[in-house]
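Student: Please choose one part of this model and look at it closely, and then set that part against the rest of what is shown. I would like one connected account rather than a list.

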Amino acid sequence: MAPMLDGPDQAAQAAQGGFDAERAAHHRRAAGQLEAAVLAELQQAGSALSPGEVRERLGGDLAYTTVVTILSRLHAKGLLSRQKAGRVYRYAPVADQPGLAARRMARVLDEEADREAVLARFVSSLSDRDEELLRKMLGQDLGDQEREG
Amino acid sequence: MELAVYVPLLVPALAALAARPLAARLPPAVAAWLLTASALALALASSAALGVLALSAVIRIRFIDAVGHLSGDVLRSGDAVSIPVAVLAGGLLALAAGAVGLALRRRVAAIAAAHRRARTLPGTGQVVVTEDDTADAYTLPGRPARVVITRGMLEALAGRERDVLLAHERAHARGSHYLFTSAARLAAAANPLLRPVAAEVGYAVERWADERAAAETGDRALTARAIARAALATSARPPAGAPLAPALGIARGAGPVPRRVAAMLVPPPGRSPLLLSATVLLVAASAWAALLAGLDLHQLIELAQAQR
């Protein structure tokens, strides 16, 4: 199979600046939704949580580094406070009037929505119905295609 | 003036209904240009119409003629706009201005952030492959634009399907498609009736890139398969216990991906000069009506100045 990519075909070290950590989540969820989920967990918890605890509460299917990145970003945006507890930080939502926190969260999520919108993704998320439709539309085709090269 | 000022307020509603059927019958590149330009023109015209409505009531206030050295009799001789309508128009205009300001600031920040990421991605080529199991591929606007493809996406596609993917993303990069979607979103911020038009612009640029990929690879069926396989790859591992994602495409009919695949399995839409001209005429009429209403008001004020 002839190489079709220009530039280096080998994998690039794209883990700098937490860039790839964002995309390391196993599931196709927008970054903004992950942040919302993390914020929600912390608000429900009622006490400061470490990244490991947050990760567990989210079902354990996110990479630890992803959770750490999200928590640091939320902290940098002023939505979380943190305290060192041993070797890890424990994060808590900023003790704020509920309205103010909600507004900040809305703004954060809106910014994420804009960042997502500016990327031109090859394919967007599929609903279950879309998935069914696609499989039906292509029927045999997908199964018959042998991987070339 | 009465009727002219309301035309620009009604046409966006028409545009919202007509956007999808119109775009489906035009070549995607034409649709993208047409819908974006129309959205911007309609947003400007409707905002101008709101301004005229609000202003025409303001000038009737007795205080204004004294302060502005204008003839109050002349000002109050023009067509009367009812107070509630004028207040509503003024309120909507203020909301629109605020919404556009916010949206512009956020969008500019997002584009700037994307440029920064594009600059700092490793490697010198346009395409960057990341070590990531999930299937994902997207284009970052930048100078130069960069295409990010995950290892997972490469492995999900077979042979020439990868060519399709590359051609598609490169088309986005070459065409600066993010400008179309951003402009349309700003227009929709000014006039929420235009949101369906902005959504169709988003879809049209995807179809545009699909058609470029099909032209470059010379195989529409291959392109259809590539889109479908890539989409199924991204859904391969459904999230367990994840927060509910917004319902994309669940509402009515098929989502954008099946529609794109379906469009690839048939020949592309041909040019339709009739549809194109009809749309341009309607948008021009809307802009013209706003201009007429504005000129009317301007003339009234000038007359009031002269007669003082």
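Tutor: In this predicted model, a good place to begin is where the two chains meet in a sheet: strand E3(A) is joined by two bridges to E2(B), residues 137-140 of chain B, and the two strands run antiparallel. Residue by residue, Ala120(A) faces Thr139(B) across this pairing, while Arg121(A) stands opposite Tyr138(B). The pairing belongs to an open sheet of four strands, in the order E3(A)-E2(B)-E3(B)-E1(B), whose pairing is mixed. Its edges are E3 of chain A, at residues 120-121, and E1 of chain B, at residues 127-130, each of which pairs on one side only. Strands of a sheet pair through backbone hydrogen bonds, and they may do so in parallel or antiparallel fashion.

Going further into chain B, E2(B) is joined by four bridges to E3(B), residues 146-150, again with an antiparallel course, and these two strands make a hairpin with five residues between them. Within this hairpin, Ala137(B) has Ile149(B) as its bridge partner, and Tyr138(B) has Val148(B). Tyr138(B) is thus bridged to Val148(B) in E3(B) and also stands opposite Arg121(A) of the other chain. On the far side of E3(B) the direction changes, since the four bridges between E1(B) and E3(B) join strands that run parallel. Val148(B) takes part here as well, as the bridge partner of Val128(B).

The side chains of E2(B) are divided between two directions, Ala137(B) and Thr139(B) pointing one way and Tyr138(B) and Leu140(B) the other, with all of them buried. E3(B) shows a similar division, in which Arg146(B), Val148(B) and Thr150(B) point one way and Val147(B) and Ile149(B) the other, and these too are all buried. This strand is accordingly described as mostly covered, with five of its five residues buried.

The chain that supplies three strands to this sheet has a secondary structure of twelve helices and three strands. Chain B has a radius of gyration of 24 Å, well over the 19 Å that the globule rule gives for 308 residues, so the chain is more spread out than a compact globule. The C-alpha trace of chain B spans about 80 × 40 × 40 Å along its principal axes. Even so, 48% of the 308 residues in chain B are buried, and of the contacts in this chain between residues at least 6 apart in sequence, 76% join residues at least 24 apart.

One helix of chain B deserves a separate word. H1(B), residues 2-24, has 23 residues and reaches 35 Å from its first C-alpha to its last, which is close to the 33 Å expected at 1.5 Å a residue. A kink of about 50° lies at Ala18(B), shortly before the proline Pro21(B). The buried residues of H1(B) include Val5(B), Leu9(B), Val11(B), Ala18(B) and Leu22(B), and among the elements that cover the buried residues of this helix are H2 (28-58), H9 (195-217) and H12 (273-306) of chain B.

Chain A, which contributes the edge strand E3(A), comes to seven helices and three strands, arranged along the sequence as α-α-α-α-β-β-α-β-α-α. Buried residues make up 29% of its 149 residues, and residues 24 or more positions apart account for 57% of its contacts with a separation of 6 or more. In the loop between H3 and H4 (64-76) of chain A lies Gly59(A), which is partly exposed because 13 other C-beta atoms lie within 10 Å, a count between the 12 or fewer of an exposed residue and the 20 or more of a buried one. Gly59(A) is 33 residues from Ala92(A) in sequence, and their C-alpha atoms are 19 Å apart.

Finally, some caution is needed over confidence. Chain A averages a pLDDT of 70, with 67% of the residues scoring at least 70, and among its elements the mean runs from the lowest, 43 for H1 (residues 19-23), to the highest, 90 for H3 (residues 51-57). Over residues 1-28 of chain A the pLDDT is below 50, although this stretch has 69 contacts in the model beyond near neighbours in sequence. Residues 142-149 of chain A are also below 50, with 13 such contacts. Where pLDDT is low, the predicted coordinates should not be read in detail.

Conventions: Residues are numbered from 1 along each chain as its sequence is written. Chains are lettered from A and ligands numbered from 1 in the order in which they are written. Two strands pair if DSSP finds at least two bridges between them. pLDDT is the predictor's confidence in each residue, from 0 to 100. Two residues are in contact if their C-beta atoms, placed from the backbone, lie within 7 Å. The expected span of a helix is 1.5 Å times one less than its number of residues. The bend at a residue is the angle between axes fitted to the seven residues ending there and the seven starting there. The radius of gyration is taken over C-alpha atoms; the globule rule is 2.2 Å times the number of residues to the power 0.38.
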